[in-house]
Amino acid sequence: MQERLFDWCRSFVPAPLIARPIEWLRASLGIGMALALVMTVGAWVFGAAIMLPLAAPAAATAVLLFVAPSSPFAQPWAVVAGNLLATLIGVVLGASGMPVVASAGIAAGLAIACLYGLRCLHPPGAALALVAVVGGEQIESFGFALLYPVAFNSFLLVVVALVYNNLTGHPYPKPRPRKGNAHHTLDALPGERMSFSEDDVERALEDFGEYVDITRDDLAQLIKQTEKHALRRSMGEITAADIMSRDLYWGTPGCTIQRAWQTLREHRLHSLPVLDADSRRLLGIVTLVDLLKHFRPTSARLKFGQLKFLRGVHLGTIMSSPVVSVSESAHMVDLVFLLSDQGLHCLPVVDDQQRLVGMITQTDLIAALYRNWLKHLPD
């Protein structure tokens, strides 16, 4: 009993902050600029007497937009539709002739229920419903015209959030991750086939039983990141430098495709990095598929070892650039997801100057995973 009481008291202690101090500074600046703009322009258009009662709900909306832009509460549909619908409910109940106290309670409860049903739940909407009911004679005289300043505040805050959040590295509105794989088939990504499914996430949310202020996609991404960190801890510090091939074949932009084809065929390679001859900086990469687009058939019966390529074509004109590459310190867990889920067959390894220092293929990765598995087998 004493232990349970202690745990209950401990629940009142503030949770540790996850965001870095620079993130709180970013959000504070965004909120300040957005509210200064909204209140200044709004007072000029609608008058200060109308904008002042709407200031508190606008500030609450700004907190969601700039502190938690990935929250379902902060998405454009929730902000605009939630604020307008809640205001409409408050105006109707305020004009109903019911006692103010009863109207206020019904307006707040009805607003939340309607917003929840229309998937536009936005906490400041409940405040707007109350403002419409108990805002005083000035608000009451506006009637349904109160929707105009509320719409103005909501749209302008969303526009400022769109610009500011994206410029400061926070995509808004929250993009949904792409489904499917690089081959456009119905199969799940390789990294997801032995992991949890969307149905697992749905069941976990149902078991939790309460509203969770996070989207299903964000929750799934959070679980995946947790799995990656757990796998990284269990595998130890195995990096790209430990498993990459260092003695490489490569070409230059001026190299002909005939020479590149000969190199790939002779050494049974699938790709050829293209480097600057002087600095060894990685400029691009050429694959077998790139080369086969430029062959010239010499007969109806094609022999794979005797392909004739168009003359005068150089690697600089057909190479893929920029190239997905990694540093020597990249952990093997990150390499697994790059080489499996993104459809890549090889990963160039570069230094700080973008000079090629190694190459990792799917074969290298499989061999490294096998050695790591053997290392962790019980004696």
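In helix α6 of this predicted model, five residues are tucked away from the surface: Ser 103, Ala 104, Ala 107, Ala 111 and Leu 115 are buried. They share one side of α6, because the arc they cover around the axis is only 95°. That pattern fits a general rule: an α-helix has 3.6 residues a turn, so residues three or four places apart point the same way. Turn to the other side of α6 and the picture flips, with Val 101, Tyr 116 and Gly 117 exposed. As for what lies over the buried residues of α6, the cover includes α5 (76–94) and α7 (124–134).

The length of α6 holds up to a quick check as well. Helix α6 runs over residues 100–117, which makes 18 residues, and at 1.5 Å a residue these should span 26 Å. The C-alpha atoms at its ends sit 25 Å apart, so the two values agree. Just after α6 comes Arg 119, with a positive phi near 55°.

Stepping back to the whole chain, the protein has 379 residues, and 35% of them count as buried. Its secondary structure comes to 17 helices and seven strands. Among contacts with a separation of 6 or more, 67% are made by residues 24 or more positions apart. The protein exposes about 23300 Å², and carbon and sulfur atoms supply 61% of that area.

Then there are the strands. Strand β1 (271–275) contains Ser 271. Ser 271 has a relative accessibility of 14%, and therefore counts as buried, the cut-off being under 20%. Setting aside neighbours within four places in sequence, Ser 271 is in contact with Leu 264, Ile 285, Val 286, Thr 287 and Cys 346. Of these, Ile 285, Val 286 and Thr 287 fall within the residue range of β2 (282–287), while Cys 346 belongs to β6 (346–350). Cys 346 also has a bridge partner in β7, namely Thr 361.

Strands β6 and β7 pair in the antiparallel sense, over five bridges. Together they make a hairpin with five residues between the two strands. In that turn sits Gln 354, whose phi is positive at about 65° even though Gln 354 is not a glycine. With a relative accessible area of 36%, Gln 354 is partly exposed.

A similar backbone feature turns up in the loop between β1 and β2, which is where Arg 280 lies. Arg 280 has a phi near 60°, again a positive value in a residue other than glycine. At 32% relative accessibility, Arg 280 counts as partly exposed.

Finally, a word on cis peptide bonds. One joins Tyr 172 and Pro 173, with omega at about -5°. Pro 173 is in the loop between α9 (147–167) and α10 (198–208). Another cis bond runs from Ser 321 to Pro 322, where omega is near 0°. Pro 322 is also a loop residue, placed between α15 (315–318) and β5 (326–327).

Notes: Residues numbered from 1 in each chain as written. Predicted model: local features only at pLDDT ≥ 70, side-chain atom pairs only at ≥ 80, totals over all residues. Heavy atoms only, no water. Helix = DSSP H or I, 4+ residues; strand = E, 2+ residues; numbered from the N terminus. Expected span 1.5 Å × (residues − 1). Buried < 20%, exposed > 50% of the residue type's maximum accessible area, 1.4 Å probe, protein only. Arc of directions from axis to C-beta. Contact = heavy atoms within 4.5 Å. Pairing = 2+ DSSP bridges. Areas by Shrake-Rupley, 256 points an atom, 1.4 Å probe, with all protein chains shown as cover.
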